[in-house]
Amino acid sequence: MPLAAFTWTEFAQQIAAGVREGAIYAGLALAIVIIYRSTRVINFAQGEMATFTTFIAWSLMNRGLSFWVAFPIVLAIAFAGGVTIERVLIRPVENAPVLTIVIITLGLALLLNGLMSIIWGGANRQFRGPFSTRTIDVGGVPISVQDIGIVVVSIALVALLALFFRFTKLGLALRAAAVNPDSSRLAGVRVGWMLALGWGIAAVLGAVAGMMIAPVVFLDPNMMQTILLYAFAAAVLGGLDSPAGAVVGGILLGVTITLLGRYVGFIGSTLKLPVALLLILILLLIRPGGLFGRVAVRRV
Amino acid sequence: MRRLPLLEVDHVSKRFGGIVALEAVSLNVEAGEIVGLIGPNGAGKTTAFNVITRLYTPDEGDVRFDGDSLLGTPPSAIVRRGIARTFQNVELFRGLSVIDNVRVGAHARQGEESVDDVLFYVNLHSVRHRGASELPYGTQKRVELARALASGPRLLLLDEPAGGLSHDEVERLGTFIRRLRGDFELTILLVEHHMGLVMSVADRVHVLDFGRTIAEGTPAEVQADKAVIEAYLGAPA
(Lines give C-alpha, C1' and ligand atoms only; values in the text may rest on other atoms or scores of the structure.)
Protein backbone atom coordinates (compact mmCIF):
# COMPACT_ATOMS: atom_id res chain seq x y z
CA MET A 1 0.00 0.00 0.00
CA PRO A 2 1.80 3.11 -1.18
CA LEU A 3 1.61 6.07 1.14
CA ALA A 4 0.46 9.43 -0.09
CA ALA A 5 2.89 12.30 0.25
CA PHE A 6 3.23 13.70 3.76
CA THR A 7 1.44 16.97 4.46
CA TRP A 8 1.26 18.81 7.76
CA THR A 9 -2.46 19.34 7.30
CA GLU A 10 -3.04 15.64 7.08
CA PHE A 11 -0.72 15.04 10.01
CA ALA A 12 -2.82 17.45 12.10
CA GLN A 13 -5.97 15.64 10.99
CA GLN A 14 -4.48 12.34 12.03
CA ILE A 15 -3.62 13.79 15.43
CA ALA A 16 -7.20 15.00 15.80
CA ALA A 17 -8.53 11.58 14.84
CA GLY A 18 -6.12 10.03 17.35
CA VAL A 19 -7.30 12.32 20.13
CA ARG A 20 -10.89 11.38 19.33
CA GLU A 21 -10.06 7.66 19.52
CA GLY A 22 -8.05 8.36 22.64
CA ALA A 23 -10.87 10.23 24.36
CA ILE A 24 -13.03 7.10 24.11
CA TYR A 25 -10.23 4.89 25.45
CA ALA A 26 -9.62 7.43 28.22
CA GLY A 27 -13.23 7.34 29.40
CA LEU A 28 -13.34 3.57 29.52
CA ALA A 29 -9.86 3.32 31.02
CA LEU A 30 -10.92 5.74 33.75
CA ALA A 31 -13.91 3.52 34.50
CA ILE A 32 -11.59 0.52 34.81
CA VAL A 33 -9.23 2.44 37.10
CA ILE A 34 -12.02 3.69 39.39
CA ILE A 35 -13.20 0.14 40.04
CA TYR A 36 -9.66 -1.24 40.24
CA ARG A 37 -8.56 1.32 42.81
CA SER A 38 -11.33 0.49 45.24
CA THR A 39 -11.57 -3.28 44.79
CA ARG A 40 -8.36 -4.41 43.00
CA VAL A 41 -10.64 -6.01 40.44
CA ILE A 42 -10.47 -5.56 36.68
CA ASN A 43 -14.04 -5.27 35.47
CA PHE A 44 -14.20 -7.30 32.27
CA ALA A 45 -17.87 -6.40 31.89
CA GLN A 46 -17.05 -2.71 31.42
CA GLY A 47 -17.36 -2.92 27.62
CA GLU A 48 -20.66 -4.83 27.64
CA MET A 49 -22.09 -2.51 30.29
CA ALA A 50 -21.28 0.42 28.00
CA THR A 51 -22.79 -1.24 24.94
CA PHE A 52 -25.91 -2.23 26.85
CA THR A 53 -26.58 1.33 27.94
CA THR A 54 -25.91 2.52 24.39
CA PHE A 55 -28.61 0.13 23.18
CA ILE A 56 -30.96 1.67 25.74
CA ALA A 57 -30.15 5.06 24.23
CA TRP A 58 -30.85 3.64 20.77
CA SER A 59 -34.24 2.33 21.92
CA LEU A 60 -35.19 5.66 23.47
CA MET A 61 -34.20 7.51 20.30
CA ASN A 62 -36.09 4.93 18.26
CA ARG A 63 -39.18 5.95 20.21
CA GLY A 64 -38.69 9.51 19.08
CA LEU A 65 -36.58 11.04 21.82
CA SER A 66 -33.79 13.31 20.65
CA PHE A 67 -30.23 12.40 21.59
CA TRP A 68 -29.85 15.11 24.21
CA VAL A 69 -33.12 14.13 25.90
CA ALA A 70 -32.13 10.47 25.92
CA PHE A 71 -28.58 11.24 27.11
CA PRO A 72 -29.32 12.18 30.76
CA ILE A 73 -31.94 9.42 31.05
CA VAL A 74 -29.38 6.85 29.90
CA LEU A 75 -26.78 8.21 32.33
CA ALA A 76 -29.24 7.86 35.19
CA ILE A 77 -30.09 4.30 34.12
CA ALA A 78 -26.37 3.49 33.77
CA PHE A 79 -25.63 4.84 37.24
CA ALA A 80 -28.47 2.88 38.83
CA GLY A 81 -27.41 -0.22 36.89
CA GLY A 82 -23.78 0.08 38.03
CA VAL A 83 -24.81 0.50 41.66
CA THR A 84 -27.20 -2.45 41.38
CA ILE A 85 -24.55 -4.71 39.84
CA GLU A 86 -22.20 -3.95 42.74
CA ARG A 87 -24.89 -4.53 45.36
CA VAL A 88 -26.29 -7.72 43.83
CA LEU A 89 -23.31 -9.44 42.19
CA ILE A 90 -20.13 -8.09 43.76
CA ARG A 91 -21.14 -7.38 47.37
CA PRO A 92 -21.93 -10.99 48.29
CA VAL A 93 -18.43 -12.08 47.23
CA GLU A 94 -16.49 -9.02 48.36
CA ASN A 95 -14.27 -11.11 50.64
CA ALA A 96 -13.70 -13.80 48.03
CA PRO A 97 -10.34 -14.00 46.25
CA VAL A 98 -9.89 -11.40 43.51
CA LEU A 99 -9.94 -14.12 40.86
CA THR A 100 -13.47 -15.12 41.90
CA ILE A 101 -14.70 -11.58 41.42
CA VAL A 102 -12.89 -11.30 38.08
CA ILE A 103 -14.67 -14.45 36.90
CA ILE A 104 -17.97 -12.92 37.97
CA THR A 105 -17.27 -9.84 35.85
CA LEU A 106 -16.44 -12.13 32.91
CA GLY A 107 -19.71 -13.95 33.47
CA LEU A 108 -21.53 -10.64 33.62
CA ALA A 109 -19.96 -9.65 30.28
CA LEU A 110 -21.25 -12.86 28.67
CA LEU A 111 -24.65 -12.43 30.28
CA LEU A 112 -25.05 -8.84 29.09
CA ASN A 113 -23.82 -9.81 25.62
CA GLY A 114 -26.42 -12.56 25.42
CA LEU A 115 -29.16 -10.28 26.73
CA MET A 116 -28.35 -7.70 24.09
CA SER A 117 -28.59 -10.31 21.32
CA ILE A 118 -31.96 -11.46 22.68
CA ILE A 119 -33.41 -7.99 23.16
CA TRP A 120 -31.96 -6.11 20.21
CA GLY A 121 -30.64 -8.83 17.89
CA GLY A 122 -27.09 -9.26 16.73
CA ALA A 123 -27.30 -7.08 13.61
CA ASN A 124 -25.39 -3.84 13.18
CA ARG A 125 -27.50 -0.81 13.85
CA GLN A 126 -27.04 2.73 12.78
CA PHE A 127 -26.81 5.03 15.80
CA ARG A 128 -27.57 8.64 14.97
CA GLY A 129 -25.25 10.76 17.00
CA PRO A 130 -25.77 14.33 18.14
CA PHE A 131 -22.97 15.81 16.06
CA SER A 132 -22.80 16.45 12.33
CA THR A 133 -20.07 14.72 10.35
CA ARG A 134 -19.32 17.75 8.22
CA THR A 135 -15.92 19.29 8.72
CA ILE A 136 -15.09 22.74 9.89
CA ASP A 137 -11.86 24.62 9.50
CA VAL A 138 -9.74 24.75 12.66
CA GLY A 139 -6.64 26.84 12.03
CA GLY A 140 -6.43 25.64 8.43
CA VAL A 141 -7.09 22.00 9.31
CA PRO A 142 -10.43 20.47 8.41
CA ILE A 143 -11.80 18.52 11.37
CA SER A 144 -15.22 16.95 11.68
CA VAL A 145 -17.69 18.46 14.12
CA GLN A 146 -18.33 14.95 15.37
CA ASP A 147 -14.70 14.45 16.36
CA ILE A 148 -14.63 17.78 18.18
CA GLY A 149 -17.91 16.99 19.92
CA ILE A 150 -16.71 13.58 21.10
CA VAL A 151 -13.53 15.06 22.54
CA VAL A 152 -15.35 17.97 24.20
CA VAL A 153 -17.99 15.74 25.82
CA SER A 154 -15.40 13.21 27.00
CA ILE A 155 -13.07 15.83 28.41
CA ALA A 156 -15.95 17.69 30.07
CA LEU A 157 -17.06 14.51 31.81
CA VAL A 158 -13.52 13.77 33.01
CA ALA A 159 -13.16 17.35 34.25
CA LEU A 160 -16.47 17.17 36.13
CA LEU A 161 -15.38 13.93 37.76
CA ALA A 162 -12.03 15.42 38.71
CA LEU A 163 -13.80 18.37 40.37
CA PHE A 164 -16.13 15.96 42.16
CA PHE A 165 -13.30 13.82 43.48
CA ARG A 166 -11.19 16.79 44.45
CA PHE A 167 -13.60 19.29 45.92
CA THR A 168 -16.57 17.46 47.37
CA LYS A 169 -16.90 15.67 50.66
CA LEU A 170 -18.32 12.62 48.93
CA GLY A 171 -15.45 12.60 46.43
CA LEU A 172 -12.94 12.73 49.26
CA ALA A 173 -14.72 9.89 51.04
CA LEU A 174 -14.58 7.84 47.82
CA ARG A 175 -10.83 8.39 47.52
CA ALA A 176 -10.28 7.59 51.18
CA ALA A 177 -12.37 4.41 51.00
CA ALA A 178 -10.32 3.23 48.02
CA VAL A 179 -6.95 3.52 49.79
CA ASN A 180 -7.82 2.52 53.36
CA PRO A 181 -11.23 0.96 53.95
CA ASP A 182 -10.83 0.35 57.71
CA SER A 183 -9.66 3.86 58.53
CA SER A 184 -12.46 5.21 56.36
CA ARG A 185 -15.07 3.16 58.20
CA LEU A 186 -13.84 4.43 61.54
CA ALA A 187 -14.08 7.99 60.24
CA GLY A 188 -17.74 7.32 59.49
CA VAL A 189 -17.51 6.57 55.77
CA ARG A 190 -19.88 3.85 54.60
CA VAL A 191 -17.32 2.00 52.53
CA GLY A 192 -19.77 -0.50 51.02
CA TRP A 193 -21.79 2.31 49.47
CA MET A 194 -18.63 4.02 48.25
CA LEU A 195 -17.78 0.88 46.27
CA ALA A 196 -21.28 0.83 44.81
CA LEU A 197 -20.96 4.51 43.95
CA GLY A 198 -17.67 3.72 42.16
CA TRP A 199 -19.45 1.13 40.04
CA GLY A 200 -22.19 3.65 39.27
CA ILE A 201 -19.66 6.25 38.14
CA ALA A 202 -17.81 3.65 36.06
CA ALA A 203 -21.07 2.68 34.36
CA VAL A 204 -21.79 6.33 33.55
CA LEU A 205 -18.31 6.74 32.03
CA GLY A 206 -18.94 3.64 29.92
CA ALA A 207 -22.35 4.87 28.80
CA VAL A 208 -20.90 8.18 27.62
CA ALA A 209 -18.07 6.40 25.77
CA GLY A 210 -20.62 4.07 24.15
CA MET A 211 -22.97 6.85 23.04
CA MET A 212 -20.06 8.84 21.66
CA ILE A 213 -18.44 6.03 19.66
CA ALA A 214 -21.63 4.34 18.41
CA PRO A 215 -22.23 6.93 15.66
CA VAL A 216 -18.65 6.40 14.41
CA VAL A 217 -18.77 2.62 14.31
CA PHE A 218 -21.96 0.56 14.18
CA LEU A 219 -23.96 -0.45 17.22
CA ASP A 220 -23.90 -4.19 17.85
CA PRO A 221 -23.46 -6.26 21.00
CA ASN A 222 -19.70 -6.64 20.39
CA MET A 223 -19.12 -2.96 19.66
CA MET A 224 -16.92 -2.31 22.68
CA GLN A 225 -14.82 -5.46 22.68
CA THR A 226 -11.80 -4.18 20.78
CA ILE A 227 -12.20 -0.75 22.32
CA LEU A 228 -12.11 -2.33 25.79
CA LEU A 229 -8.79 -3.98 24.94
CA TYR A 230 -7.37 -0.58 24.02
CA ALA A 231 -8.85 0.85 27.23
CA PHE A 232 -7.17 -1.87 29.30
CA ALA A 233 -3.94 -1.05 27.52
CA ALA A 234 -4.46 2.66 28.21
CA ALA A 235 -5.15 2.00 31.89
CA VAL A 236 -2.02 -0.11 32.25
CA LEU A 237 -0.01 2.44 30.29
CA GLY A 238 -1.07 5.23 32.64
CA GLY A 239 -0.77 3.11 35.75
CA LEU A 240 -3.79 1.15 36.98
CA ASP A 241 -3.79 3.14 40.19
CA SER A 242 -3.92 6.55 38.58
CA PRO A 243 -7.09 8.21 37.22
CA ALA A 244 -5.01 10.96 35.60
CA GLY A 245 -2.80 8.25 34.12
CA ALA A 246 -5.81 6.53 32.56
CA VAL A 247 -6.85 9.71 30.78
CA VAL A 248 -3.35 10.61 29.58
CA GLY A 249 -2.70 6.97 28.69
CA GLY A 250 -5.91 6.83 26.65
CA ILE A 251 -5.17 9.95 24.61
CA LEU A 252 -1.51 8.96 24.14
CA LEU A 253 -2.51 5.50 22.96
CA GLY A 254 -5.16 6.86 20.59
CA VAL A 255 -2.73 9.28 18.95
CA THR A 256 0.12 6.77 18.79
CA ILE A 257 -1.81 3.99 17.13
CA THR A 258 -3.51 6.36 14.71
CA LEU A 259 -0.17 7.77 13.62
CA LEU A 260 1.43 4.34 13.44
CA GLY A 261 -1.46 2.98 11.40
CA ARG A 262 -1.23 5.87 8.98
CA TYR A 263 2.50 6.46 8.60
CA VAL A 264 4.26 3.17 9.25
CA GLY A 265 3.58 1.21 6.08
CA PHE A 266 3.57 -2.37 7.28
CA ILE A 267 1.36 -1.70 10.32
CA GLY A 268 -1.81 -0.38 8.70
CA SER A 269 -5.03 -0.98 10.56
CA THR A 270 -4.58 -4.72 11.14
CA LEU A 271 -1.40 -4.57 13.19
CA LYS A 272 -2.30 -1.52 15.27
CA LEU A 273 -3.38 -3.43 18.36
CA PRO A 274 -0.40 -5.82 18.59
CA VAL A 275 2.02 -2.96 17.99
CA ALA A 276 0.32 -0.84 20.65
CA LEU A 277 0.55 -3.70 23.14
CA LEU A 278 4.21 -4.27 22.25
CA LEU A 279 4.99 -0.60 22.92
CA ILE A 280 3.22 -0.84 26.29
CA LEU A 281 5.15 -3.97 27.13
CA ILE A 282 8.41 -2.14 26.45
CA LEU A 283 7.27 0.82 28.56
CA LEU A 284 6.34 -1.46 31.44
CA LEU A 285 9.80 -3.03 31.36
CA ILE A 286 11.20 0.44 31.94
CA ARG A 287 8.46 1.74 34.25
CA PRO A 288 6.66 -1.20 35.91
CA GLY A 289 4.05 1.04 37.54
CA GLY A 290 3.00 2.65 34.27
CA LEU A 291 3.50 6.32 33.42
CA PHE A 292 1.76 7.69 36.53
CA GLY A 293 1.44 4.64 38.74
CA ARG A 294 3.05 4.34 42.11
CA VAL A 295 5.45 1.44 42.28
CA ALA A 296 4.98 -0.27 45.62
CA VAL A 297 8.31 0.53 47.16
CA ARG A 298 8.48 1.64 50.76
CA ARG A 299 11.19 3.52 52.52
CA VAL A 300 12.53 1.35 55.30
CA MET B 1 -22.57 8.03 94.11
CA ARG B 2 -20.39 6.54 91.37
CA ARG B 3 -21.24 7.61 87.88
CA LEU B 4 -21.68 5.13 85.07
CA PRO B 5 -18.33 4.49 83.33
CA LEU B 6 -18.07 6.00 79.82
CA LEU B 7 -16.70 2.76 78.39
CA GLU B 8 -17.51 -0.68 79.76
CA VAL B 9 -15.87 -3.75 78.29
CA ASP B 10 -17.90 -6.49 79.93
CA HIS B 11 -16.54 -10.06 79.98
CA VAL B 12 -15.45 -9.92 76.36
CA SER B 13 -13.95 -13.01 74.71
CA LYS B 14 -12.57 -13.15 71.20
CA ARG B 15 -11.10 -16.23 69.55
CA PHE B 16 -9.47 -16.72 66.17
CA GLY B 17 -9.79 -20.41 65.41
CA GLY B 18 -8.13 -22.09 68.37
CA ILE B 19 -6.28 -18.98 69.50
CA VAL B 20 -7.81 -17.09 72.38
CA ALA B 21 -7.08 -13.42 71.86
CA LEU B 22 -9.28 -12.16 74.71
CA GLU B 23 -10.73 -14.26 77.55
CA ALA B 24 -13.54 -12.71 79.61
CA VAL B 25 -11.83 -9.34 79.76
CA SER B 26 -13.62 -6.60 81.67
CA LEU B 27 -12.39 -3.05 81.64
CA ASN B 28 -14.06 0.20 82.64
CA VAL B 29 -12.99 3.69 81.73
CA GLU B 30 -14.55 6.62 83.61
CA ALA B 31 -15.24 9.89 81.82
CA GLY B 32 -12.15 12.09 81.90
CA GLU B 33 -9.76 9.28 82.81
CA ILE B 34 -6.58 8.25 81.09
CA VAL B 35 -6.32 4.47 81.31
CA GLY B 36 -3.25 2.58 80.17
CA LEU B 37 -3.71 -0.87 78.62
CA ILE B 38 -0.45 -2.77 78.78
CA GLY B 39 0.85 -6.27 78.41
CA PRO B 40 3.50 -8.28 76.59
CA ASN B 41 3.34 -8.82 72.82
CA GLY B 42 0.27 -10.83 71.84
CA ALA B 43 -1.54 -10.04 75.09
CA GLY B 44 -4.65 -8.90 73.18
CA LYS B 45 -4.35 -5.12 73.47
CA THR B 46 -4.92 -4.29 69.82
CA THR B 47 -7.64 -6.96 69.65
CA ALA B 48 -9.39 -5.10 72.46
CA PHE B 49 -9.21 -1.87 70.43
CA ASN B 50 -10.55 -3.66 67.38
CA VAL B 51 -13.46 -5.00 69.42
CA ILE B 52 -14.26 -1.59 70.89
CA THR B 53 -14.22 0.03 67.44
CA ARG B 54 -16.31 -2.85 66.04
CA LEU B 55 -13.72 -3.99 63.48
CA TYR B 56 -14.06 -7.28 65.37
CA THR B 57 -17.24 -8.73 66.87
CA PRO B 58 -16.64 -10.41 70.22
CA ASP B 59 -17.62 -14.07 70.63
CA GLU B 60 -18.94 -13.37 74.13
CA GLY B 61 -19.55 -10.37 76.30
CA ASP B 62 -20.67 -6.82 75.61
CA VAL B 63 -19.10 -3.43 75.02
CA ARG B 64 -21.10 -0.47 76.28
CA PHE B 65 -20.47 3.19 75.62
CA ASP B 66 -22.31 5.75 77.67
CA GLY B 67 -24.51 2.92 78.96
CA ASP B 68 -25.58 1.58 75.54
CA SER B 69 -24.21 -1.51 73.83
CA LEU B 70 -21.97 -0.92 70.82
CA LEU B 71 -22.52 -4.38 69.37
CA GLY B 72 -25.40 -3.27 67.17
CA THR B 73 -23.37 -0.36 65.82
CA PRO B 74 -21.45 -0.88 62.53
CA PRO B 75 -17.83 0.39 62.40
CA SER B 76 -18.89 3.30 60.20
CA ALA B 77 -21.24 4.55 62.92
CA ILE B 78 -18.75 4.24 65.79
CA VAL B 79 -17.38 7.72 65.19
CA ARG B 80 -20.85 9.24 65.53
CA ARG B 81 -21.08 7.65 68.96
CA GLY B 82 -17.98 9.65 69.87
CA ILE B 83 -15.14 7.16 69.59
CA ALA B 84 -11.97 7.74 67.54
CA ARG B 85 -8.68 5.87 67.41
CA THR B 86 -5.18 5.75 66.04
CA PHE B 87 -3.47 2.60 64.76
CA GLN B 88 -0.31 0.87 65.86
CA ASN B 89 1.23 1.02 62.38
CA VAL B 90 -0.28 4.32 61.20
CA GLU B 91 -3.16 3.75 58.80
CA LEU B 92 -3.21 6.97 56.81
CA PHE B 93 -4.78 7.56 53.42
CA ARG B 94 -1.76 7.21 51.17
CA GLY B 95 -1.72 9.66 48.30
CA LEU B 96 -3.95 12.14 50.11
CA SER B 97 -2.60 15.39 51.52
CA VAL B 98 -2.36 16.01 55.24
CA ILE B 99 -5.41 18.26 55.22
CA ASP B 100 -7.46 15.76 53.19
CA ASN B 101 -6.56 13.03 55.68
CA VAL B 102 -7.83 15.22 58.50
CA ARG B 103 -10.91 16.20 56.47
CA VAL B 104 -11.85 12.54 56.18
CA GLY B 105 -11.61 12.44 59.96
CA ALA B 106 -14.26 15.15 60.08
CA HIS B 107 -16.46 13.23 57.61
CA ALA B 108 -19.17 12.50 60.15
CA ARG B 109 -19.41 16.13 61.24
CA GLN B 110 -21.18 19.11 59.77
CA GLY B 111 -18.79 21.75 58.47
CA GLU B 112 -15.03 21.76 58.58
CA GLU B 113 -14.12 24.30 61.24
CA SER B 114 -12.54 21.55 63.30
CA VAL B 115 -10.01 20.72 60.56
CA ASP B 116 -8.01 23.95 60.67
CA ASP B 117 -8.13 24.17 64.47
CA VAL B 118 -6.83 20.65 64.85
CA LEU B 119 -4.08 21.18 62.27
CA PHE B 120 -2.85 24.19 64.24
CA TYR B 121 -3.13 22.30 67.50
CA VAL B 122 -0.88 19.44 66.42
CA ASN B 123 1.41 21.86 64.61
CA LEU B 124 0.80 20.53 61.11
CA HIS B 125 -0.78 23.58 59.53
CA SER B 126 2.39 24.51 57.63
CA VAL B 127 2.62 21.07 55.98
CA ARG B 128 -1.11 20.63 55.40
CA HIS B 129 -0.80 20.41 51.60
CA ARG B 130 2.03 17.89 51.62
CA GLY B 131 1.33 14.25 50.86
CA ALA B 132 0.75 12.61 54.22
CA SER B 133 2.71 9.46 53.43
CA GLU B 134 5.80 11.43 52.37
CA LEU B 135 6.30 12.87 55.85
CA PRO B 136 8.58 11.42 58.55
CA TYR B 137 7.07 8.66 60.69
CA GLY B 138 6.64 10.79 63.79
CA THR B 139 4.82 13.43 61.75
CA GLN B 140 2.57 10.79 60.22
CA LYS B 141 1.56 9.75 63.72
CA ARG B 142 0.53 13.35 64.40
CA VAL B 143 -1.51 13.35 61.18
CA GLU B 144 -3.31 10.26 62.40
CA LEU B 145 -3.94 11.86 65.76
CA ALA B 146 -5.26 14.99 64.04
CA ARG B 147 -7.58 12.84 61.96
CA ALA B 148 -8.94 11.23 65.11
CA LEU B 149 -9.35 14.59 66.89
CA ALA B 150 -11.13 16.14 63.90
CA SER B 151 -14.06 13.80 64.46
CA GLY B 152 -14.71 15.48 67.81
CA PRO B 153 -14.48 12.32 69.92
CA ARG B 154 -15.32 11.87 73.58
CA LEU B 155 -13.24 8.70 73.84
CA LEU B 156 -9.86 8.53 72.13
CA LEU B 157 -8.10 5.20 71.70
CA LEU B 158 -4.36 5.56 71.16
CA ASP B 159 -2.55 2.44 69.94
CA GLU B 160 1.15 2.74 70.78
CA PRO B 161 1.57 6.48 70.24
CA ALA B 162 5.21 6.26 71.36
CA GLY B 163 6.10 3.47 68.91
CA GLY B 164 8.89 4.54 66.56
CA LEU B 165 9.42 7.88 68.28
CA SER B 166 12.78 9.14 69.56
CA HIS B 167 13.55 9.44 73.28
CA ASP B 168 12.94 13.21 73.27
CA GLU B 169 9.69 12.84 71.36
CA VAL B 170 8.40 10.30 73.89
CA GLU B 171 9.10 12.71 76.77
CA ARG B 172 7.14 15.47 75.07
CA LEU B 173 4.36 13.00 74.19
CA GLY B 174 3.52 12.36 77.84
CA THR B 175 2.90 16.04 78.53
CA PHE B 176 1.05 16.36 75.26
CA ILE B 177 -1.41 13.54 76.03
CA ARG B 178 -2.30 15.07 79.40
CA ARG B 179 -2.79 18.47 77.79
CA LEU B 180 -4.89 16.85 75.07
CA ARG B 181 -7.29 15.45 77.63
CA GLY B 182 -7.94 18.88 79.10
CA ASP B 183 -8.11 20.84 75.85
CA PHE B 184 -10.47 18.44 74.07
CA GLU B 185 -12.34 17.16 77.16
CA LEU B 186 -11.32 13.63 76.30
CA THR B 187 -11.33 10.27 77.92
CA ILE B 188 -8.29 8.32 76.75
CA LEU B 189 -7.52 4.62 76.55
CA LEU B 190 -3.88 4.10 75.75
CA VAL B 191 -2.11 0.95 74.55
CA GLU B 192 1.59 1.38 75.04
CA HIS B 193 4.80 -0.60 75.33
CA HIS B 194 6.79 2.29 76.68
CA MET B 195 6.42 1.74 80.44
CA GLY B 196 7.82 5.12 81.41
CA LEU B 197 5.19 6.86 79.33
CA VAL B 198 2.27 4.79 80.63
CA MET B 199 3.29 5.13 84.26
CA SER B 200 3.70 8.91 83.99
CA VAL B 201 0.52 9.60 82.05
CA ALA B 202 -2.13 7.07 83.13
CA ASP B 203 -4.51 7.44 86.07
CA ARG B 204 -5.09 3.71 86.07
CA VAL B 205 -3.41 0.80 84.34
CA HIS B 206 -4.96 -2.44 83.10
CA VAL B 207 -2.62 -5.36 82.40
CA LEU B 208 -3.37 -8.17 79.94
CA ASP B 209 -1.38 -11.35 79.42
CA PHE B 210 -2.40 -14.07 76.95
CA GLY B 211 -5.82 -12.42 76.60
CA ARG B 212 -6.61 -12.34 80.33
CA THR B 213 -6.61 -9.53 82.82
CA ILE B 214 -3.80 -10.16 85.30
CA ALA B 215 -3.84 -6.88 87.18
CA GLU B 216 -5.40 -3.45 87.35
CA GLY B 217 -4.88 -0.44 89.55
CA THR B 218 -2.86 2.72 89.84
CA PRO B 219 0.55 2.76 88.12
CA ALA B 220 2.25 2.25 91.49
CA GLU B 221 0.04 -0.72 92.40
CA VAL B 222 0.55 -2.39 89.05
CA GLN B 223 4.30 -1.90 89.10
CA ALA B 224 4.48 -3.68 92.45
CA ASP B 225 2.18 -6.52 91.34
CA LYS B 226 3.83 -9.93 91.37
CA ALA B 227 1.82 -11.32 88.41
CA VAL B 228 2.78 -8.32 86.31
CA ILE B 229 6.46 -8.66 87.07
CA GLU B 230 6.30 -12.34 86.20
CA ALA B 231 4.48 -11.68 82.94
CA TYR B 232 7.14 -9.23 81.85
CA LEU B 233 10.24 -10.86 83.24
CA GLY B 234 9.17 -14.51 83.29
CA ALA B 235 8.29 -16.58 86.36
CA PRO B 236 11.14 -17.32 88.73
CA ALA B 237 12.48 -20.83 88.22
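The following exchange goes through the packing, the chain contact and some backbone details of a predicted model.

Biologist: Which helix gives the most residues to the largest nonpolar core?

Modeller: The largest nonpolar core has 159 residues, and those with the most contacts inside it are A:Leu28, A:Ala29, A:Ala231, A:Ala234 and B:Leu190. With 17 residues, the element that gives the most to this core is helix 8 of chain A, residues 191–213.

Biologist: Is A:Val208 buried or exposed?

Modeller: A:Val208 lies in helix 8 of chain A, and, leaving aside residues up to four places away in sequence, it touches A:Gly27, A:Val153, A:Ser154 and A:Leu157. The C-alpha atoms of A:Val208 and A:Leu157 are separated by 8.5 Å, although the two residues are 51 residues apart along the chain. Since 20 or more other C-beta atoms within 10 Å are required for the label, and A:Val208 has 28 of them, this residue is buried.

Biologist: Which residues does B:Leu190 touch, not counting residues up to four places away in sequence?

Modeller: B:Leu190 is among the residues with the most contacts inside the largest nonpolar core. Once residues up to four places away in sequence are set aside, the residues that B:Leu190 touches are B:Ile34, B:Val35, B:Gly36, B:Leu37, B:Leu158, B:Val198, B:Val201 and B:Ala202.

Biologist: How are helix 9 and helix 10 of chain A oriented to each other?

Modeller: Helix 9 (residues 225–238) and helix 10 (residues 243–263) of chain A pack with their axes 7 Å apart and at an angle of about 120 degrees. That angle falls outside the range of 65 to 115 degrees that counts as roughly perpendicular, and it is not over 145 degrees, where roughly antiparallel begins. Helix 9 and helix 10 of chain A are therefore oblique.

Biologist: How many charged residues are in the contact of helix 9 of chain A with helix 10 of chain A?

Modeller: On the side of helix 9 of chain A the contact includes A:Tyr230, A:Ala231 and A:Ala234, and on the side of helix 10 of chain A it includes A:Gly245, A:Gly249 and A:Leu253. The residues of this contact divide into 10 nonpolar and 4 polar, and the number of charged ones is none.

Biologist: Which helix of chain A supplies the largest share of the side that touches chain B?

Modeller: In the contact between the chains, 17 residues of chain A meet 21 residues of chain B. Helix 6 (169–179) and helix 7 (181–186) of chain A each supply at least two residues of the side of chain A that touches chain B. By class, that side has 8 nonpolar, 4 polar and 5 charged residues. The largest share of it, 6 residues, comes from chain A's helix 6.

Biologist: How many residues of helix 1 of chain B are buried?

Modeller: Helix 1 of chain B spans residues 45–52 and is mostly covered. Its buried residues include B:Lys45 and B:Asn50 as well as B:Phe49, B:Val51 and B:Ile52. Just after this helix, B:Arg54 takes a positive phi of about 70 degrees. Of the 8 residues in helix 1 of chain B, the number buried is 7.

Biologist: Is B:Asn123 buried or exposed?

Modeller: B:Asn123 lies in the loop between helix 4 (113–121) and helix 5 (137–150) of chain B, and its phi is near 65 degrees, a positive value in a residue other than glycine. A residue counts as exposed at 12 or fewer C-beta neighbours; because B:Asn123 has 11 inside 10 Å, it is exposed.

Technical notes: Residues are numbered from 1 along each chain as its sequence is written. Chains are lettered from A and ligands numbered from 1 in the order in which they are written. This is a predicted model: local features need pLDDT of at least 70, side-chain atom pairs count only at pLDDT 80 or more; totals for chains, interfaces and linings use all residues. A nonpolar core is a set of buried Ala, Val, Leu, Ile, Met, Phe, Trp, Tyr and Cys residues joined through C-beta atoms within 7 Å. Helices (H or I, at least four residues) and strands (E, at least two) are DSSP runs, numbered from the N terminus. Two residues are in contact if their C-beta atoms, placed from the backbone, lie within 7 Å. Axes are lines fitted to C-alpha atoms, for helices over the stretch in contact, and angles run from 0 to 180 degrees between N-to-C directions. Angles under 35 degrees count as roughly parallel, over 145 as roughly antiparallel, 65 to 115 as roughly perpendicular and the rest as oblique. Ala, Val, Leu, Ile, Met, Phe, Trp, Tyr, Cys and Pro count as nonpolar, Asp, Glu, Lys and Arg as charged, and the others, Gly among them, as polar.
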